[in-house]
Structure formats: structure tokens, C-alpha cells
Amino acid sequence: MIQTEQQSQQNNQLTVQNSGSLSFSSHLSKEDEEISKSALSNFRAKEEEIERKKMEVREKVQLQLGRVEEETKRLAIIREELEAMADPMRKEVALVRKKIDAVNKELKPLGHTCQKKEREYKEALEAFNDKNKEKVQLITKLMELVSESERLRMNKLEELSKNIDSMH
């Protein structure tokens, strides 16, 4: 647009220079008329070129808008597929988490029972071991007593045997 105005001003200057003087007469010389027609046709040619380029840009913009719309549709489809994929997984995850929570609730009392039974077992095992030690001590004592008794009886028998032998 700026170029067209500059060309128009140049053409006007040429017209003024070619005419030699500024006259306000209504008759233009043939040369002036030619220059005016040339300037006008140049102006029209530039306007047509501008209009043609404007149409080309519009077409390019429309093509780009079409591509953008297609890409937007594709992205929307992809997003829907992702959401559809995520929904069943979320439900399954939530279900598994609920089951885990339920099992945890069942595990707590079982854990307490297990600890209680372990304590009872340890206490019973300790009592058993204590009684076993006592039994071993008693058996040892019994063995000592039996050994002492046998020794004493053997001594007594030997003494009696000597007494009998000495009577002869």
C-alpha cells in the first residue's frame, strides 16, 4: 500500500514535470494522459497483485485451520482413549485397595492373637523347661541316692560276709 502511494506521488511529480507548468486547464496533453493511464494501470496491477496475495494467504490460513481442526479432533480422540483406558484401571486399583484395607483390618486382631499366643507359648515353654530341669535334678538326686544306697548295702553285705567268715 505504501509502495502504491509512493508510485502515485512519483507519477504525479512526473506529470507536473512533463507538463512544464501547473495549469488548471481541463485539457490534458496526450503525454499527460498516457502517464496518468500508465500510473492508473500500475496502480490497478498492484492492487490486483495485493488482492491475489491476500487470497493466497487466506487459502493458506484456511488450510492451516483445517489441519488444526483435524489435529484437535485426533487429540480429542486420543484423550478419550486414554481416559477410557484409565477408568477400568482406576476401578480395579480402588477395588484392590479396598480388599487390602479389609485384610489389614482382619490382620490386626490376628496379629494381637498371635502375639498373645506367642507369649503364652513362651511362658508354657519356660514352665516346661523349668519342670524338665527340676526332673533332671531329681533324677540326678535319685541316682546319687540309689548309688549311695547300693554302696552302703554293699558295704553292709561285705561286713556281714566278713562277720560270717570270721565265725568259722
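What follows is a working chat about a predicted model of a single chain.

Reader: Before we get to side chains, how many helices and strands does the chain have?

Author: In this predicted model, the chain has two helices and zero strands. Helix H2 takes in residues 30-167, and the side chains we will come to, such as glutamate 120 and isoleucine 78, can be placed along it.

Reader: And how much of the chain counts as buried?

Author: Of the 168 residues in the chain, 4% count as buried. The chain exposes about 16,000 Å², and carbon and sulfur atoms supply 58% of that area.

Reader: Switching to charges, what does the count of salt bridges come to?

Author: The count comes to six salt bridges. Among them is the pair of arginine 151 and glutamate 148, whose side chains meet with a distance of 2.3 Å from N to O.

Reader: How many residues apart are arginine 151 and glutamate 148 in helix H2?

Author: They are three residues apart in helix H2, so about one helical turn separates arginine 151 from glutamate 148. As for accessibility, arginine 151 counts as partly exposed because its relative accessibility is 42%, and glutamate 148 is likewise partly exposed, with a relative accessible area of 33%.

Reader: What about glutamate 49, which residue does it form a salt bridge with?

Author: Glutamate 49 forms a salt bridge with lysine 53, and the closest N and O atoms of the two are 3.5 Å apart. Both residues lie in helix H2 with a spacing of four residues, about one turn of the helix.

Reader: Why does glutamate 49 count as partly exposed, and lysine 53 too?

Author: Partly exposed covers the range between the buried limit, under 20% relative accessible area, and the exposed limit, over 50%. Glutamate 49 has a relative accessibility of 30% and therefore counts as partly exposed, while lysine 53, at 44%, also counts as partly exposed.

Reader: And arginine 52, where does it lie relative to glutamate 56?

Author: Arginine 52 and glutamate 56 both lie in helix H2, four residues apart, which is about one turn of the helix. They form a salt bridge in which the closest N and O atoms are 3.3 Å apart. Glutamate 56 is partly exposed, with a relative accessible area of 38%, and arginine 52 counts as partly exposed at 45% relative accessibility.

Reader: Leaving the salt bridges, which residues gather in a patch of negative charge?

Author: Glu120, Glu123, Glu126 and Asp130 gather in such a patch on the surface. Glutamate 120 belongs to helix H2 and counts as partly exposed, its relative accessibility being 38%.

Reader: And on the nonpolar side, which residues form a patch on the surface?

Author: A nonpolar patch on the surface is formed by Leu75, Ile78, Leu82 and Met85, which together have about 420 Å² of accessible area.

Reader: Is isoleucine 78 buried, exposed or partly exposed?

Author: Isoleucine 78, which lies in helix H2, is partly exposed because its relative accessible area is 41%.

Notes
Residues numbered from 1 in each chain as written. Predicted model: local features only at pLDDT ≥ 70, side-chain atom pairs only at ≥ 80, totals over all residues. Heavy atoms only, no water. Patch = residues over 30% accessible without salt bridge, like charges linked within 9 Å, V, L, I, M, F, W, Y side chains within 5 Å. Areas by Shrake-Rupley, 256 points an atom, 1.4 Å probe, with all protein chains shown as cover. Salt bridge = Lys/Arg side-chain N within 4 Å of Asp/Glu carboxyl O. Lys, Arg positive; Asp, Glu negative; His and termini not counted. Charge placed at Lys NZ, Arg CZ, Asp CG, Glu CD. Buried < 20%, exposed > 50% of the residue type's maximum accessible area, 1.4 Å probe, protein only.
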